[in-house]
Amino acid sequence: MNSQALPRGGRNAVKEDIVSLPLQQLQQALADLGQPPYRAKQLFGWLHARRAQSFDDMNNLPAALRAKLAASWRMEQPDVVRRLQSADGTEKLLLRLHDGHTIETVVMRYHHGVSLCVSSQVGCRMGCTFCASGHAAFVRSLSAGEMAAQLYTAEALAGERIDHLVLMGIGEPLDNFDNVMDFIAIVTDEAGADLSMRNISLSTCGLVPMIEKLAERKLGLTLSVSLHAANDATRSRLMPVNKAYPLARLMAACRAYREKTGRRVSYEYALVAGQNDADTDADALADLLRGTDGHVNLIPVNPVLGLPATASDAGRTAAFAARLKARGVNATVRRRLGADIDAACGQLRLQEAGRIPEDTVAAYL
Ligand code: SAH
C-alpha cells in the first residue's frame, strides 16, 4: 500500500476502511506505524476470522496500538434492514451501508454446501433489460470490506459456515475490478475466511477487456459469462453491453481465458419466452459454443415487475436443454431458489427504493 491510503490526520481527515485491506496491504500499513509483521496477521485475524466489531475487542493488541488504529482507520458493519426466509431455505438479507445505501445478499442452501450470492455495486451500469439491478440508479461500487461484510453478516445470522461464493448479486463485478480482486484475496486468505478459490464464481455480462485482465491473474475461480443470446441482434436488445463487445469478441476472450487459466468457462442463459428460447436459438447457441468445453446453466428468467420479460415454460425449457445436449453441449436447468422472497438480485432493493410498491409485488407473486 502507498502512503496515500493512510489518512493524513487533522480534524477533517476521512478515515479509511481497514476491512478492505488484503493482508499484504495491512502489513504495509502497520509497517508504516512501526509495527512488526506479526501484528498485521493478528489484526487481519481479528477482522476476518474472528470478525471483531471494534478495535477495542482486539485484546491481544497493545492498547496504544488499538488507539492509533482507531484514530486512523474505520471499521463498521452494515445494518440488517430486512431478513427474508424462503420455504426452500434460501435467505435474503437487505443491508444498509454506512452511507445509507442498501444492497442485497442471498444465502442459498444446496446439497453440496451453503453458498452466498454477493453484490459488488450499489446499482449497476449495464442496463440488461430483464434485470432488476439495472433499473435503479447506479450509485457506486462497493469496497472490498463491504463485500466481505456480506459474508460475515450472513454467516453470523445463519449460524453456519458459508463455503461457496458467487459474485452474482447486484452489480457488475468486472466494473469494480480492483475492489473485487482485493475482496477475493481477503476471503481466500487462510488467516481469514479461508475460502477455496475453487468455490468462488464470478459472473460477468461480458466486459471483454476486463475478462482479459482477469485471465492474466490466473485465479482458480470459475468465470461465468452471462450470454442470454447466441446472436448479436438479440443479445444487443437484451444486453446493451453487447453493442460494445459483440459475441465474436466475447467468445474469443472466453477461449483465451480458458487457455490462459486452464479453467472451464461457464455460461448463463436466462430463457425469456419468445425472445431467446426457440429451437433456432438453441442451435445457434450450440454453434457458438462448439469447440469450447463450457457448461451452460439454463434458467427461466425470473420475472421482475415492470420489466418486459416472461419466463419460458417448463416444456420449452426442457426442449431447449434437450436440443443443446443433442448437439453436444453440456447444459443443466438450474433450480429456481427463493422465488417466494424475490431472490432475483436487485428486486428487494427496488422495493426499498419505492420503485415497486411492496403490496404490488406481494399481489403479483
Ligand atoms: N453483472 C453480472 C453479475 C450479476 S447478475 C452478470 O451480468 O453476470 C447474475 C446473473 O443473473 C446474470 O447471469 C444475470 O444476467 C442474471 N439475471 C439478472 N436478472 C435476471 C432475471 N430477472 N432472471 C434470471 N436471471 C437474471
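**Close-up views of a predicted model**

**View 1. K218 sits in the loop between α6 (208-217) and β11 (222-226).** Welcome to the first stop in this tour of a predicted model. The backbone of K218 has a positive phi of about 50°, although the residue is not a glycine. Most residues other than glycine have a negative phi. Is K218 buried or exposed? With a relative accessibility of 51%, K218 counts as exposed, because the cut-off for that class is over 50%.

**View 2. D194 is a non-glycine residue with a positive phi.** Here the phi angle is about 55°. Look for D194 in the loop between α5 and β10 (200-204). Its relative accessibility is 41%, and D194 therefore counts as partly exposed, a class that lies between the buried limit of 20% and the exposed limit of 50%.

**View 3. The ligand is surrounded by 16 residues.** Which residues come closest to the ligand? They are E172, S203, S226, H228 and N302. Sorted by class, the shell holds 7 nonpolar, 7 polar and 2 charged residues. Two side chains are worth zooming in on. A polar side-chain atom of H228 lies 2.5 Å from an oxygen atom of the ligand, and a polar side-chain atom of S203 lies 2.6 Å from an oxygen atom of the ligand. The backbone takes part in this picture too: a polar backbone atom of F130 is 3.0 Å from a nitrogen atom of the ligand. How much of the ligand's area does the protein bury? Taken alone, the ligand exposes 530 Å², and the protein buries 91% of that.

**View 4. C205 and S226 have C-alpha atoms 4.9 Å apart.** Along the chain, these two residues are separated by 21 residues. C205 is placed in the loop between β10 and α6, and it is buried, with a relative accessible area of 5%. If S226 sounds familiar, that residue also appears in View 3, as one of the residues closest to the ligand.

**View 5. The largest nonpolar core gathers 101 residues.** Which members touch the most other members? They are I18, L43, L69, F183, V187, V296 and L324, a good set to display if you want to find your way around the core. Helix α5 (residues 177-188) supplies the largest share of this core, with 7 residues. Why does the core lie between two domains? Domain 1 (16-74) and domain 2 (79-364) both give residues to it, so the core lies between them. As background, nonpolar side chains tend to be buried together in soluble globular proteins.

**View 6. E155 and R51 meet through their side chains.** Their polar contact is 2.8 Å. E155 belongs to helix α4 (residues 144-158). Its relative accessible area is 12%, so E155 counts as buried, under the limit of 20%.

**View 7. T90 makes a side-chain polar contact with D88.** The contact spans 2.6 Å. T90 is found in the loop between β3 (79-85) and β4 (91-96). Is this loop residue, T90, buried or exposed? At 1% relative accessibility, T90 counts as buried.

**View 8. L167 and M147 are 20 residues apart along the chain.** Their C-alpha atoms are separated by 9.5 Å. L167 is part of strand β9 (residues 164-167). At 2% relative accessibility, L167 counts as buried.

**View 9. N242 and D232 are 10 residues apart in sequence.** How many ångströms lie between them in space, C-alpha to C-alpha? The distance is 7.1 Å. N242 lies in helix α8 (residues 241-244), where it counts as buried at 1% relative accessibility.

**View 10. F320 and D281 are 8.5 Å apart, C-alpha to C-alpha.** In sequence, 39 residues separate this pair. Our last stop, F320, is in helix α11 (residues 314-326). Its relative accessibility is 0%, so F320 counts as buried.

Definitions and conventions: Residues numbered from 1 in each chain as written. Predicted model: local features only at pLDDT ≥ 70, side-chain atom pairs only at ≥ 80, totals over all residues. Heavy atoms only, no water. Near = heavy atom within 4 Å. Polar contact = N/O pair within 3.5 Å; in protein donor to acceptor, adjacent residues only side chain to side chain. Areas by Shrake-Rupley, 256 points an atom, 1.4 Å probe, with all protein chains shown as cover. Nonpolar A, V, L, I, M, F, W, Y, C, P; charged D, E, K, R; others polar. Core = buried A, V, L, I, M, F, W, Y, C linked by side-chain atoms within 4.5 Å. Buried < 20%, exposed > 50% of the residue type's maximum accessible area, 1.4 Å probe, protein only. Helix = DSSP H or I, 4+ residues; strand = E, 2+ residues; numbered from the N terminus. Domains from an automatic or database assignment.
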